[in-house]
Amino acid sequence: MPYWIIDINHEVVIRENVKRDEMWLWTIDDKGERLVLVDGSFKPFVHIEPSSDAQLENFVEGLKRELVGLLDDVRIVEKRKLGRPVKVVEVVFKDSDAKEKGLERLSDFRGVSNVYNSDIRPSLLYFITRDLKPSTWIDAKIIGSLKISNVPYEVREIRDPRVVEVRDPPSLREMYVLAFAFRKIGTPNPDEDPIAFIAVAVDNNEPFIIDGDNDKEIIDQLIKLVAKIDPDLVVGWETNRWVFDYLGRRAKVNKIRLALGRNGDEPRAGVYGHVSLVGRIHIDLRDIAEGIAELKMKTLEEMAIHHGIWSGESIDLIDLNDMWFANERESVKKYALKLVDVLRRLWKLYFDYTVHLSSLVGYPMDYVLKASPGHRVDGYIVYHSMKLNELIPRKIESPYEKYKGAIVFTPHPGLHSNVAVLDFASMYPHIIAKYNVSPDTLMRSDEESEAYVAPEVKHRFRVSPDGLYKSAILKLLEARKQIKKRIKELPEGPERTALEAQERAIKVVANAMYGYMGWVSSRWYMKEVAEAITAWGRNTIITAAELASKRFGLKVIYGDTDSLFVEYRGEVINKLIEAIEDELGMEIKLETVYKRILFTEAKKRYAGLTINNELDLTGFEAVRGDWCDYAKRVQERVLSVLLNTGDVNYAINVAKEMLELFKSGNFTIKDVTIWKSLDKPLAEYKARAPHVSIALQLSKKGWRFKVGDKIGYVVMKGQGPIYERAVFYADADKSMIDIDYYITNQIIPVILRVLEPVGVTEDQLMVKSTKGGLDQFF
DNA sequence: GCGAGGTAATTACCT
DNA sequence: ACAGGTAATTACCTCGCG
């Protein structure tokens with residue numbers, strides 16, 4: 001009977017007067033039955049590497065004496081440390097409490113050189129030692145049944161779980177939750193402001209509102225509803241950031257228990273800010289929004305717009321708050337119902353992806369979404385190294401050391417026609433695989449064997465055997481290749497969508513591998529390894545650029561890291577691609593062809609019109625979140641006209657027309673709002689910036705800001721620095737807006753940025769506009 | 001005291 | 001808390017000048 005793992009939690013319990021560690025696996029079997037599988041066989045353990053002068057047998061005896069009363073077993077085992085065999089002592093404790101005590105005793109024990117595994121969470125250690133992955137199907141030996149108080153399911157005691165065949169996840173009971181609290185002025189405060197209502201959707205049923213005379217009733221109803229529906233999956237928005245914390249504090253005020261877990265537990269604050277509900281998967285969709293770079297404003301509405309599933313007007317939280325107090329409560333609730341439906345539709349787009357990311361990385365679905373790219377790679381590598389019998393170093397932060405990264409070519413400014421973009425496919429991963437770049441293959445200076453030598457930096461890597469990183473990345477690259485092949489063979493449909501999601505999950509981990517190697521907190525951090533990869537990368541792109549220009553006479557217009565922008569001349573491009581692949585042994589692809597492309601003198605900025613008539617904007621203000629909408633729109637339109645027609649005067653006229661419209665007051669407050677992030681706590685700012693100064697003012701009025709929040713401001717008429725004239729966008733009075741500021745500091749600069757390379761000067765924007773403007777073009 | 005010119009602080013982007 | 005490379009604005013400092 002296969003079981004699909006929903007959630008896992010680790011408990012230390014006393015059963016029949018014996019204390020033991022238990023792993024509770026919350027599962028669904030293939031008949032849709034919910035079951036808890038309890039494995040009581042897990043004993044926490046560490047690996048201890050004795051210092052080189054220690055006598056192994058004596059050392060073991062010493063350990064036994066030191067840890068008397070805490071041990072289950074002590075034995076010498078063969079492991080590998082950076083590929084070389086080593087003998088270490090496996091110390092198995094009776095239970096996790098004993099482990100805590102034991103580690104304390106060991107902290108000053110003589111002869112210990114290294115302790116391994118002590119910083120890996122028990123549930124993860126359990127999973128990796130048994131080669132289990134969450135969000136997969138498993139099988140196990142049933143050895144009996146147990147009771148867990150408050151758990152309404154059958155609980156089976158198991159041994160020897162193992163992964164069974166890969167297939168689709170079972171159908172899950174889903175609950176979507178949006179909680180609302182309001183406050184007349186400022187951020188709602190859980191000690192004073194009640195939960196106003198909660199919008200809920202269950203599975204695919206009609207959304208509804210949980211309402212009540214006070215929030216004790218509301219929270220009570222929520223608890224009862226969760227108990228009744230008993231969802232496997234709870235999806236919310238900002239639930240990790242504040243909602244569950246807020247609900248918890250309101251529950252406390254109302255003297256009720258926020259029993260939302262499957263065992264009746266309250267939400268638990270987990271690692272890295274994740275809130276877990278025992279036995280359920282809790283997804284905060286905001287965590288996914290965080291990873292979407294194109295999404296400037298991390299709101300549910302913006303995310304829905306990004307995915308093309310939003311219709312109608314968005315109402316921002318401040319307006320919603322005002323509506324609530326203006327007694328337009330029914331409209332607020334109606335809007336909330338729409339939001340909860342959108343939440344559900346968005347989650348469906350990410351379900352497959354999250355399942356695959358979870359089973360690839362080895363973290364439960366909710367935790368893997370919250371985990372940073374670095375921790376996702378860490379999860380993947382930890383599993384992989386366990387399979388290779390490698391010791392898993394503890395995470396320690398090494399001192400920061402700067403090293404050289406990628407190369408960016410200086411662009412040829414101006415308007416170009418017919419430009420091809422060539423991209424090396426997964427350049428860094430392929431460099432790692434090709435040159436066996438890894439901490440366990442790096443050669444010491446006195447070592448002699450066949451080696452790959454990195455250019456410039458001259459670090460050497462053994463040709464064989466395959467290193468930790470090479471084998472890890474090859475698995476990903478090969479899996480991805482297979483999936484891509486299958487995708488090509490499939491028609492559009494759910495099967496293909498799921499494969500695409502799997503491919504995305506693999507890509508996310510593969511792309512972060514290089515970064516992980518240069519991360520000072522990574523378990524296998526080694527500067528030389530990261531440095532060698534970028535050195536080979538620079539060498540690769542420079543060689544390719546030389547082939548293009550010297551052998552094929554193709555002008556290289558620009559290039560960044562793993563891409564080359566070259567003149568597009570028919571078959572010559574194919575010959576170039578062949579030559580590059582031949583001589584460098586790396587795959588390079590024709591990514592895009594631009595009919596026209598504009599470069600300024602700046603790197604990392606260009607605008608192109610593809611042969612499919614798509615406008616690609618890169619780096620410019622128009623794609624940045626910290627310029628006002630009006631200026632961004634002007635820049636985009638000017639570029640669109642310039643690239644579509646190639647007519648500079650036309651572009652000038654469009655610019656002037658939009659400038660005139662602006663001068664005559666044809667804009668809204670939102671058009672001129674500038675949004676900037678607070679990247680650190682307010683107290684830590686050294687410089688006076690407009691958004692910081694506004695956040696400080698608002699703090700005094702009862703607003704609370706978290707790191708990462710965005711502050712919108714508008715610049716008003718008057719004297720002095722901008723930070724003195726900036727006003728919170730919601731408090732702005734349109735008649736006081738400093739139109740001149742916006743013209744000289746926002747609109748004119750973004751126009752000139754893209755028109756100066758084609759010879760336009762500021763004076764040409766100043767004379768009144770004539771004919772041939774915007775209307776004619778659009 | 002004032003303006004020119006440089007620089008630190010800050011944010012957000014690219015690959 | 002994945003990496004380095006880059007552009008750009010604003011506040012603020014230094015310096016020369018009167």
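Here is a walk through this model, from the two DNA strands to a pocket and then to a few individual residues. Keep in mind as you look around that the model is predicted.

Let's start with DNA strand B. It has 21 residues around it, and the closest of them are Lys296, Asp562, Arg624, Lys680 and Tyr685. What part of the strand does the protein meet? Of the atoms of DNA strand B that come within 4 Å of the protein, 91% belong to sugar and phosphate. If you sort the residues of the surface near DNA strand B by class, you get 11 charged, 6 polar and 4 nonpolar.

Some individual pairs of atoms make this easier to picture. His691 uses its side chain: one of its polar atoms sits 2.9 Å from a phosphate oxygen of DNA strand B. Gly625 uses its backbone instead, with a polar atom there 2.8 Å from a phosphate oxygen of the strand. Asp560 also takes part through a polar backbone atom, but its partner is a sugar or linking oxygen of DNA strand B, 3.4 Å away.

Now move over to DNA strand C. Here 28 residues surround the strand, and Ser372, Gly405, Gly515, Lys603 and Tyr741 are the closest. Sugar or phosphate makes up 90% of the strand's atoms within 4 Å of the protein, and bases make up the rest. The surface near DNA strand C splits into 14 nonpolar, 8 charged and 6 polar residues.

Which helices should you look at around this strand? Helix H11 (373-387), helix H14 (494-517), helix H20 (722-725) and helix H21 (739-755) each bring at least two residues to the surface near DNA strand C. The most comes from H21, which gives 3 residues.

Zoom in and you can find contacts of both kinds here too. Lys603, one of the closest residues to DNA strand C, has a polar side-chain atom 2.9 Å from a phosphate oxygen of that strand. Asn745 reaches a phosphate oxygen of DNA strand C with an N or O atom of its side chain, at 3.2 Å. For Tyr723 the backbone does the job: a polar atom there is 3.0 Å from a phosphate oxygen of DNA strand C.

H14 turns up again at the next stop, the second largest pocket. This pocket holds about 1,200 Å³ of space. Its lining counts 41 residues, and Val166, Val355, His356, Ser359 and Gln502 are the closest to its centre. Helix H9 (329-361), H11, H13 and H14 are the elements that each give two or more residues to that lining. H14 has the largest share, with 11 residues. By class, the lining of the second largest pocket has 20 nonpolar, 13 charged and 8 polar residues.

From the pocket, let's go to a single residue, Arg34. You'll find Arg34 in strand E3, which covers residues 34-39. Is Arg34 buried or exposed? It counts as buried, because its relative accessibility is 11% and the cut-off for buried is under 20%. What does its side chain meet there? Arg34 and Asp232 are joined by a polar contact of 2.4 Å between their side chains. A polar atom of the Arg34 side chain also lies 2.6 Å from the backbone oxygen of Gly32. Leaving out residues up to four places away in sequence, Arg34 touches Thr27, Ile28, Tyr153, Ser171, Leu172, Arg173, Asp232 and Arg262.

The last stops are about the backbone. Ser464 and Pro465 are linked by a cis peptide bond, with omega at about -5 degrees. Pro465 belongs to the loop between strand E19 (460-462) and helix H13 (468-489).

Two other loops are worth a look for their phi angles. Glu238 is not a glycine, and yet its phi is positive, near 60 degrees. Glu238 sits in the loop between strand E13 (233-236) and helix H5 (239-253), and it is buried, with a relative accessible area of 15%. Ser426 has a positive phi as well, near 40 degrees. Its loop runs between strand E17 (414-424) and helix H12 (427-435). Ser426 is partly exposed, with a relative accessible area of 22%.

Definitions and conventions
Residues are numbered from 1 along each chain as its sequence is written. Chains are lettered from A and ligands numbered from 1 in the order in which they are written. This is a predicted model: local features need pLDDT of at least 70, side-chain atom pairs count only at pLDDT 80 or more; totals for chains, interfaces and linings use all residues. Side-chain values use heavy atoms; hydrogens and water are left out. A residue is near a molecule or strand if one of its heavy atoms lies within 4 Å of it. A polar contact is a pair of N or O atoms within 3.5 Å; within protein, one must be able to donate a hydrogen and the other to accept it, and residues adjacent in sequence count only if both atoms are side-chain atoms. Ala, Val, Leu, Ile, Met, Phe, Trp, Tyr, Cys and Pro count as nonpolar, Asp, Glu, Lys and Arg as charged, and the others, Gly among them, as polar. Helices (H or I, at least four residues) and strands (E, at least two) are DSSP runs, numbered from the N terminus. Buried means under 20% relative accessible area, exposed over 50%, partly exposed in between (1.4 Å probe, protein chains only). Contact means heavy atoms within 4.5 Å. On a 1 Å grid over the protein atoms alone, a cavity is a set of points where a 1.4 Å probe fits but cannot get out, and a pocket is an open set with protein on both sides within 12 Å along at least five of seven lines; lining residues have an atom within 4 Å of a point. Grid points are joined across faces, edges and corners, and a volume is the space filled by probe spheres set on the points.
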